Amino acid sequence: MVTHNSGVKILSAEEVEALYDQGKAAMVAAYLKLQDQIVDLMTRMAALEARVNQNSQNSHKPPSSEGYAKPSPQSQRKKTGRRQGGQRGHRGTTLERVEVADHVVEHWPMCCEHCQAGLTQTHAQGYEVRQVHDLPPVKIETTDHRAMRVQCRWCGHSTQAAFPANVQSRVQYGSGVMAFGVYATAYQMLPIERTCELLEDLFGRSISGGTIMNWISASARRLAPTQALIKQAIRGSAVVHVDETGLRVAGKLHWLHSAGTERLTYYHVDTNRAGQAFERVGILPDFTGTAVHDALPSYLRQDVRHALCNAHLLRELTGLQEQTRQRWPAQLKGVLIQMKDAVAKAVARGADHLPSDILARLERDFDRCVNRALRANPRPKHSPTQRGRPRASPARNLAERLLHHKDSVLRFLHDVHVPFDNNLAERDLRMSKVKQKVSGCFRSLDGARAFAAIRGYISTVAKQGHAPFAALRAFFDDRPVQLVLG
């Protein structure tokens, strides 16, 4: 007997003849054993082929993992019949002329274009205006803060004025330069070295990377009370979006946890993806609202009201449709999109729930698709030679998840305040991946946590309509913008 490198044992001609001589029972036993091996290999091969064929449109893989081999877009949207580009009635944006310019430059003709006689500036008849919008010369301005000392004319004592709270050194940079450095690294995702180059190119000042790191560390420390207020507000919200992504810190895998709403964002860097990490994040353990997330089992074990991301579900159904060629994934995708459209129409009408007849019909369609999936993908039978519980197919696992977590999957259908997907959390995490692509890993855990604190503040002020750079400068000036925490 020869063992192939795949693990299948191949009988030689002599061994087959020996089994034949032993009789029918020996031949059937050998055949069944080989058949089990073949079925196991075919199952493994199908799983490997499915893994190879996974992409960002039919699985949970992020688009960043595909490099240049991105698949063609397959949007779930239906054609509307409208032309591409701006629609009728759309108000465009263009550069508008201002009434009063900062500068006026007059261009006078030197000679008559008809007879070539010289012209003076005494017979002007009017002018045509063309307006140019441009940047003024950029430079750093220096300000001397003089704490004046005055002698009392009654007692002769000299009293010196106090310096402003943000003027602490004999020579220092002001809030504008510090805000620009932090803005470039935490919002525009530039590495420290390139930020130094940018500051020197724009302002003609050579600023060290250590100075910028000190600004970042000081910003994170000063933002700690604001972070605590944001976390408390998110914990008391009705709906929270949670997600996590890998983060390289000092050459090791860490996790950036995100919790956010339409107005607030909170980040936490941890060594763990789940378990005690949720306790250290400090939001889900005491949360009483609805948590929107993907179907990660660690989230499902939390004692909260769950709402599963249906954008992930649509991608899974696309993958199963490609792998199994069964009809139910496409049918269920159609039902989910009908549900999403029905909720959107109800919200547009100002309703806070769907009509009962539409709700009942959509739920029946959903149940019908799930039952078809269960029938089309039965659980494999246990083989006498197999150890443990037989592994179910991905289609069967998804069908059982839809059956057991139906309420979480359809939470958006019964509560119009719960979104269809978890795209908000994915948008909140996307820029951290850009940061890693541009800058590489974080060199220390303190640096990663400082970035998370500043990025959470910037994301929050941006969600609330404030310009990030202006908000950072106001923060350095001890005039922080007023955040809406309710």
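A cavity, as the word is used here, is a set of grid points where a 1.4 Å probe fits but cannot get out, and its volume is the space filled by probe spheres set on those points. In this predicted model, a search of the whole structure finds two cavities of 30 Å³ or more. The largest encloses about 90 Å³ of space, and the second largest about 70 Å³.

**Largest cavity**

- The lining is made up of Val242, Asp243, His257, Ser258, Ala259, Phe278, Val281, Gly282, Ile283, Leu284, Pro285 and Tyr299.
- Two or more of these lining residues come from each of strand E5 (239-249), strand E6 (252-260) and helix H7 (276-281), with E6 giving the largest share, three residues.
- In chemical character the lining residues of the largest cavity comprise eight nonpolar, three polar and one charged.

**Second largest cavity**

- Around the second largest cavity, the lining consists of Asp294, Ala295, Leu308, Cys309, Asn310, His312, Leu313, Glu316, Arg401, Leu402 and Val409.
- Helix H9 (310-324) and helix H12 (394-404) each contribute at least two residues to this lining, and the largest share, four residues, belongs to H9.
- Sorted by chemical character, the lining residues of the second largest cavity fall into six nonpolar, two polar and three charged.

Terms used: Residues numbered from 1 in each chain as written. Predicted model: local features only at pLDDT ≥ 70, side-chain atom pairs only at ≥ 80, totals over all residues. Heavy atoms only, no water. 1 Å grid on protein atoms, 1.4 Å probe; cavity = no way out; pocket = protein on both sides within 12 Å on 5 of 7 lines; lining within 4 Å. Nonpolar A, V, L, I, M, F, W, Y, C, P; charged D, E, K, R; others polar.
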